[in-house]
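Here is a short briefing to read alongside the structure on your screen. Keep the viewer open and follow along topic by topic.

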Amino acid sequence: MKISNELKTGVVVVAALAVAAVFYFKTTDFGGSVYRVKTYFNYAEGVKADSIVKLSGIDVGRVEKIQFSYAPETKVELILALDSKAKIREDSIAYISQSGLIGDAYVGVTAGSADKQFVKDGSMLASEDPMEM
């Protein structure tokens with residue numbers, strides 16, 4: 001029995017779509033449980049909405065929103081949406097860094113002290129401004 005080229009092409013296309021669907025569902029977060037914290041910087045070059053947030057080097061969330069805060073002084077306010085499984089302590093410090101030499105900017109968060117409580121949704125996180133070049 002000879003299989004037509006159209007049938008072969010159709011099988012390859014369906015298989016490729018199935019593989020793409022598997023990767024999509026494995027890598028997409030469908031609005032899992034998150035909590036939000038705010039942090040403020042004087043200077044936030046390279047950070048944009050949807051930049052990665054890392055806790056001790058591990059991806060734990062995204063920058064949800066960037067806006068200016070004008071009271072009492074002008075600052076850049078970042079709202080971080082963090083996975084509810086990632087616990088950040090009250091004395092943790094947010095900082096801005098880059099992946100590699102010319103990589104994307106991300107927001108890093110230090111682990112904090114074991115004797116401090118975990119922050120709650122809506123809390124403010126201390127920050128350390130990056131060095132301006």
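The notes below go through strands, a buried threonine, salt bridges and the surface.

This is a predicted model, so the points that follow describe computed features of that prediction. A good place to begin is strand β6 (residues 105–109), where five of the five residues are buried. From there you can move out to the neighbouring strands, then to the two salt bridges found in a search of the whole structure.

**Strand β6 and its partners**

- Because five of its five residues are buried, β6 is largely enclosed by the rest of the structure.
- Ala105, Val107 and Val109 point one way from β6, while Tyr106 and Gly108 point the other way; buried is the label for all of them.
- Strand β5 (residues 93–98) pairs with β6 in the antiparallel sense, over five bridges.
- Within that pairing, Tyr95 has Gly108 of β6 as its bridge partner.
- The connection between β5 and β6 is a hairpin with six residues between the strands, and Gly100 in the turn has a positive phi of about 70°.
- β2 also pairs with β6, this time in the parallel sense and over three bridges.
- Lys54 has its bridge partner in β6 too, and that partner is Gly108.

**From β2 through β3 to β4**

- Strand β2 (residues 52–55) and strand β3 (residues 58–69) run antiparallel and are joined by four bridges.
- If you want a pair to click on, try Ile52, which stands opposite Arg62 in β3.
- The hairpin of β2 and β3 has two residues between the strands, and Ser56 there takes a positive phi near 50°.
- β3 goes on to pair with strand β4 (residues 75–83), in the antiparallel sense and over eight bridges.
- Ser69 finds its bridge partner in β4 at Lys75.
- Five residues make up the hairpin connection from β3 to β4.

**Thr39, a buried polar residue**

- Where does Thr39 lie? Look in strand β1 (residues 34–41).
- Is Thr39 buried or exposed? Its relative accessible area is 0%, so Thr39 is buried.
- The side chain of Thr39 reaches the backbone oxygen of Leu125, at a distance of 3.0 Å.
- Beyond its neighbours within four places in sequence, Thr39 is in contact with several residues, among them Val76, Leu78, Leu80, Ala94 and Ala126.
- Glu77 is also one of the residues in contact with Thr39, and Glu77 returns in the next group as a salt-bridge residue.

**The two salt bridges**

- How many salt bridges does a search of the whole structure find? The search finds two.
- One joins the side chains of Glu64 and Arg36, at 2.8 Å from N to O.
- This pair links distant parts of the chain, with Glu64 in strand β3 and Arg36 in strand β1, 28 residues apart.
- Glu64 is partly exposed, with a relative accessible area of 38%, and Arg36 is partly exposed at 32%.
- Glu77 forms a salt bridge with Lys38, and the closest N and O atoms are 3.8 Å apart.
- Glu77 lies in strand β4 and Lys38 in strand β1, so this salt bridge ties together parts that are 39 residues apart in sequence.
- Glu77 has a relative accessibility of 4%, so Glu77 counts as buried.
- Lys38, at 33% relative accessibility, counts as partly exposed.

**The start of the chain and helix α1**

- Which residues make a nonpolar surface patch of about 490 Å²? They are Met1, Ile3, Leu7 and Val11.
- Met1 belongs to the segment before α1 (5–27).
- The relative accessibility of Met1 is 98%, so Met1 counts as exposed.
- Lys8 has its place in helix α1 and is partly exposed, with a relative accessible area of 45%.
- For a sense of scale, turn to Lys8 and Asp104: they are 96 residues apart in sequence, and their C-alpha atoms are 41 Å apart in space.

Terms used:
Residues numbered from 1 in each chain as written. Predicted model: local features only at pLDDT ≥ 70, side-chain atom pairs only at ≥ 80, totals over all residues. Heavy atoms only, no water. Patch = residues over 30% accessible without salt bridge, like charges linked within 9 Å, V, L, I, M, F, W, Y side chains within 5 Å. Areas by Shrake-Rupley, 256 points an atom, 1.4 Å probe, with all protein chains shown as cover. Salt bridge = Lys/Arg side-chain N within 4 Å of Asp/Glu carboxyl O. Buried < 20%, exposed > 50% of the residue type's maximum accessible area, 1.4 Å probe, protein only. Pairing = 2+ DSSP bridges. Polar contact = N/O pair within 3.5 Å; in protein donor to acceptor, adjacent residues only side chain to side chain. Contact = heavy atoms within 4.5 Å.
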